[in-house]
Amino acid sequence: MLQSCTAGEAGLSAAGRGIVRPYSAQRQRGIAAILRRSDHEARPPQPRAARSRCGEAETMPKTFRNLWPQLVRFDNLWMAYLAARRGKRGRPQIAAYELDAETRLLRLQERLDAGTYQPGRYRTFVVREWKRRLVSAAPFEDRIVHHALCQVIEPIWEARFIHDTYACRRGKGTLAALNRAQHFARSRRYVLSLDVREFFPSMDHALLRATLTRHLADRRILELIDRILAGGVDVLAEEYTPVYFPGDDLFAVLRPRGLPIGNLTSQFFANVYLHPLDLFIKHDLRCDAYVRYCDDLLLFADDKAMLHAWKDAVRERLAALRLTIHESRAQIAPTAAGFPFVGWTISPQRRRLRRRNVVRFRRHYRARLRAYAAREITFAELDATVQGWIGHAKQGSTTALRRAILRMPVPKRGTGDG
């Protein structure tokens, strides 16, 4: 692109003699017009409507009404029931529900339509992998409602999400995120890695609802969302570290916040909550090489100084969402050196499993071998564990690693092997 210059600096070298002559006023106006035109052509195509401060392309966003009849239709509830029970039909709670599913769903439909439905209590448990996580499981009937809600409102937001966000979306996932990140790493010199601190415990309910109401105008849908949010407001209270933002008073710490980890609605709401940030990075910062998986962000560029400026801008935009970044993990690194993302270390030519993921599977595999030897699981269940990990690990440079781990012999069992 041509670079703009002042009247005193503009000029042409005269026959290589080093004599610089100033442009005439008419010539300067012509150059300015060329610069404006080239700058406009170099920009990515912009929506015709003006963007709002949060980056939305719609000055008057389209809102959707009359969604409630779709949610409470029996066929929608039945599809939600099938989705909620998928892979879990052997559990006692779900097996009991299945015995009289049609009647139970009709009663649920009546309670939803009458406005008397109330979410039940969560069952919480701790998962310790490479870090401690408090996971919350909603009652089975509540999970049906979550699926029924998402089946109605998710398509509205799916049409508005940017392409390069990959968590909990159909046709996306970790493999697609890995492929996209490596694609950008092959054409950019540097990468900025960011992740949001205490993301699920920190999501502010008022800000989430304000984002949802940009496109949802059905009162009963919003009332159901309010009930779901209120049901999980205290689940992660102990996981949240209070943070005060500019303009806060002492009561700001009492704002309703937090989404239970494990809910389908929480995963969807997480994408909605960070949607303004995605638009800000793509439209305002004009970062065309950007990937997000849940609360993990990658921004690629050839200019290190630009990435430092983007880091400050993202930090400021996250503060408007009442979120902060892990400062110790906010790193700018050469893509050729490799960078961590969704459990892998990625470089332009290779991707390798991170050590903690390898250690975790090795421990899990040994535990499954002991369970098999003790006749607690069948060989088919043991094989499913191995094949699932192989399917994940073979997406990278792991041939030698797979051979080393799977070299452990399968123990023999006595008679009566299942």
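The following exchange concerns the sheets, a helix that packs on them, aromatic pairs and one buried charge in a predicted model.

Biologist: In what order do the four strands of the open sheet stand?

Modeller: Strand 5 (residues 190-195) is joined to strand 7 by six bridges and to strand 8 by four. Strand 6 (residues 290-293) is joined to strand 7 by four bridges. The pairing is antiparallel, and the order is 6-7-5-8.

Biologist: Which strands of this sheet stand at the edges, each with a single partner strand?

Modeller: The sheet is open, with the order 6-7-5-8. One side of each edge strand is left without a neighbour in the sheet, because each has a single partner strand; these are strand 6 and strand 8 (331-334).

Biologist: Which residue of strand 7 is the bridge partner of Val191?

Modeller: Strand 7 (residues 296-301) runs antiparallel to strand 5. Towards strand 6, the bridge partner of Tyr290 in strand 7 is Leu299. For Val191, the partner in strand 7 is Phe300.

Biologist: Which residue takes a positive phi in the hairpin of strand 6 and strand 7?

Modeller: Strand 6 and strand 7 run antiparallel. Their hairpin has two residues between the strands, and the positive phi, near 55°, belongs to Cys294.

Biologist: How many of the six residues of strand 7 are buried?

Modeller: Strand 7 is mostly covered. One of its residues, Phe300, counts as buried at 1% relative accessibility, the limit being under 20%. Of the six residues in strand 7, the number buried is five.

Biologist: At about what angle does helix 7 run to strand 6?

Modeller: Helix 7 (residues 174-185) packs on the sheet of strands 9, 10 and 11, making about 155° with strand 9. Helix 7 also lies across strand 6 and strand 7. Its angle to strand 6 is about 155°.

Biologist: What is the order of the open sheet of three strands?

Modeller: Strand 9 and strand 10 (residues 344-346) pair in the antiparallel sense over three bridges, and Pro340 has Thr345 of strand 10 as its bridge partner. Strand 9 (339-341) and strand 11 (351-353) stand at the edges, so each has one side without a neighbour in the sheet. The order is 9-10-11.

Biologist: How many residues apart in sequence are the parts tied together by the pair of Phe184 and Phe300?

Modeller: The structure holds 13 aromatic pairs. Phe184 and Phe300 form one that is tilted, at 5.7 Å centre to centre with 45° between the planes. Phe184 is buried, with a relative accessible area of 4%. Because Phe184 lies in helix 7 and Phe300 in strand 7, the pair ties together parts whose separation in sequence is 116 residues.

Biologist: Is the aromatic pair of Phe361 and Trp389 stacked or tilted?

Modeller: Phe361 lies in helix 13 (residues 355-373) and Trp389 in helix 14 (residues 379-393), 28 residues apart. Phe361 is buried at 7%, and Trp389 is buried at 8%. The centres are 4.2 Å apart and the planes differ by 5°, whereas the limit for this class is under 30 degrees. The pair is therefore stacked.

Biologist: Which side chain of opposite charge is nearest to Glu154?

Modeller: Glu154 lies in helix 6 (residues 140-158) and is buried yet has no salt bridge. Glu154 touches Phe268 and Arg170, not counting residues up to four places away in sequence. A salt bridge needs a distance within 4 Å. At 4.5 Å, the nearest side chain of opposite charge is Arg170.

Note on methods:
Residues numbered from 1 in each chain as written. Predicted model: local features only at pLDDT ≥ 70, side-chain atom pairs only at ≥ 80, totals over all residues. Heavy atoms only, no water. Buried < 20%, exposed > 50% of the residue type's maximum accessible area, 1.4 Å probe, protein only. Lys, Arg positive; Asp, Glu negative; His and termini not counted. Contact = heavy atoms within 4.5 Å. Pairing = 2+ DSSP bridges. Axes fitted to C-alpha atoms, helices over the stretch in contact; angles between N-to-C directions. Phe/Tyr/Trp six-rings, centres within 6.5 Å; stacked < 30°, edge-to-face > 60°.
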